[in-house]
Amino acid sequence: MRANFRLVAIFAIICFSFSNTEAEITEVGSLDIERNYFSDVATVRLTAFCASFNGGLYTVDVSQPAEPRLIEREPSTCTGVEARGDHAFVGRIGRSGLGVYDAQGMRYNGEPSNVRGLLIDQDLLYLTTESDSGNMLRILNVENPAHPEQIGQLEVEPIEFIKPMVLINDRLYLAGSDDGEVSTIIVVDVANPAEPELVRQIDEHQGNIVGIATDGDYLFVANQRGGHEGIQVRNFDWELISETQFYLHQGLTFHEGRLYAVSSVFNDGPTFRIFDVSNPEELRVVEEYSTGRQAMECWFADGLWYVVEDGVDE
């Protein structure tokens, strides 16, 4: 039985159908906004929230996938966006580092400041923040999205955190890099969110981790090293299972047993790939597609895939 899905990339809307044995990707529309570095995307109902580090937060009407429409742009330095239910949670650099939005507009704008990464799981929002006094992991209760309440925190290594965080079995995996060549991985026990505890810190991971995801059995890591990028498969003790060379950026997402990855290649190669990960020692490409630009992140909601690109033609 073939199931139909549509992928909406904010700059290239792509339609594809997918089954257990085959996939087909077809582009159906596009929306050019500005030539900015787009780092993340998430949707609330029929509204997409697109985070740009140098351009701000772009709100896009995606009620008609073939003709997405820009609603507004909010100037800011956005680092990432997550969504839960009817609300989008946006990380920003600045005093008001967290913004909460629904389809009608902003519902919260305030602390903590300088949010670098964020991940939501049910009513808990995990944030990494930076300041001159040190970097923190902060855990907020967002049961009432308009009034987030911090319930726990943990000081972490003073490194620059990027968006990728992943939560599995009450363990939160964080990754960051000072120089882009060597990463630090921090594993935190968050079983008690009021008192998160450091479990392990790995200081000498060779490469810059730009994406991380899990299928519940393994960690899948987008790793950049020496100008080359690939996907590493690791167990939860961070032992390497396999490594496949693909030119990927930070977008890794799991959906219905498949790994979806976006790429920042600078040639005519594919920028969106679907992987079969049933054999963790040998990932298999099910389908791939080139949007024609450098894809940065992907998001799935309500039968639609969303991809944001950096706005630079290959």
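Three exercises on strands, loops and backbone angles follow, each with a worked solution.

This is a predicted model, in which local features need pLDDT of at least 70, side-chain atom pairs count only at pLDDT 80 or more, and totals for chains, interfaces and linings use all residues. Residues are numbered from 1 along each chain as its sequence is written, and side-chain values use heavy atoms, with hydrogens and water left out.

**Exercise 1. A hairpin and the loop after β11**

Task: State how many bridges join β10 to β11, and in which direction the two strands run.

Solution:
- Step 1. Strands are DSSP runs of E with at least two residues, and helices are runs of H or I with at least four, numbered from the N terminus. Here β10 covers residues 98-102 and β11 covers residues 105-110.
- Step 2. Two strands pair if DSSP finds at least two bridges between them. For β10 and β11 there are 5 bridges, and the strands run antiparallel.
- Step 3. Within this pair, Val100 stands opposite Tyr108 in β11.
- Step 4. The connection from β10 to β11 is a hairpin of 2 residues.
- Step 5. Pro112 lies in the loop between β11 and β12 (115-121). The peptide bond from Glu111 to Pro112 is cis, with omega near 5 degrees.

**Exercise 2. An open sheet**

Task: Give the order of the strands in the 4-stranded open sheet, and find which strands stand at its edges.

Solution:
- Step 1. The order is β24-β25-β26-β27, with antiparallel pairing.
- Step 2. β24 (252-255) and β27 (284-289) each have a single partner strand, so one side of each is left without a neighbour in the sheet; these two stand at the edges.
- Step 3. From one strand to the next the twist averages 25 degrees (axes are lines fitted to C-alpha atoms, for helices over the stretch in contact, and angles run from 0 to 180 degrees between N-to-C directions).
- Step 4. Strand β25 (residues 258-262) is joined to β26 (residues 272-276) by 5 bridges. Tyr260 has Ile274 in β26 as its bridge partner.

**Exercise 3. Positive phi outside glycine**

Task: For Arg45, which is not a glycine, state the sign of phi, then decide whether Arg45 is buried or exposed. Repeat for Glu256.

Solution:
- Step 1. Arg45 has a positive phi of about 55 degrees and lies in the loop between β4 (38-44) and β5 (47-52).
- Step 2. Buried means under 20% relative accessible area, exposed over 50%, and partly exposed in between (1.4 Å probe, protein chains only). Arg45 counts as exposed because its relative accessibility is 56%.
- Step 3. Glu256 has a positive phi of about 50 degrees and is placed in the loop between β24 and β25.
- Step 4. Glu256 counts as exposed because its relative accessibility is 57%.
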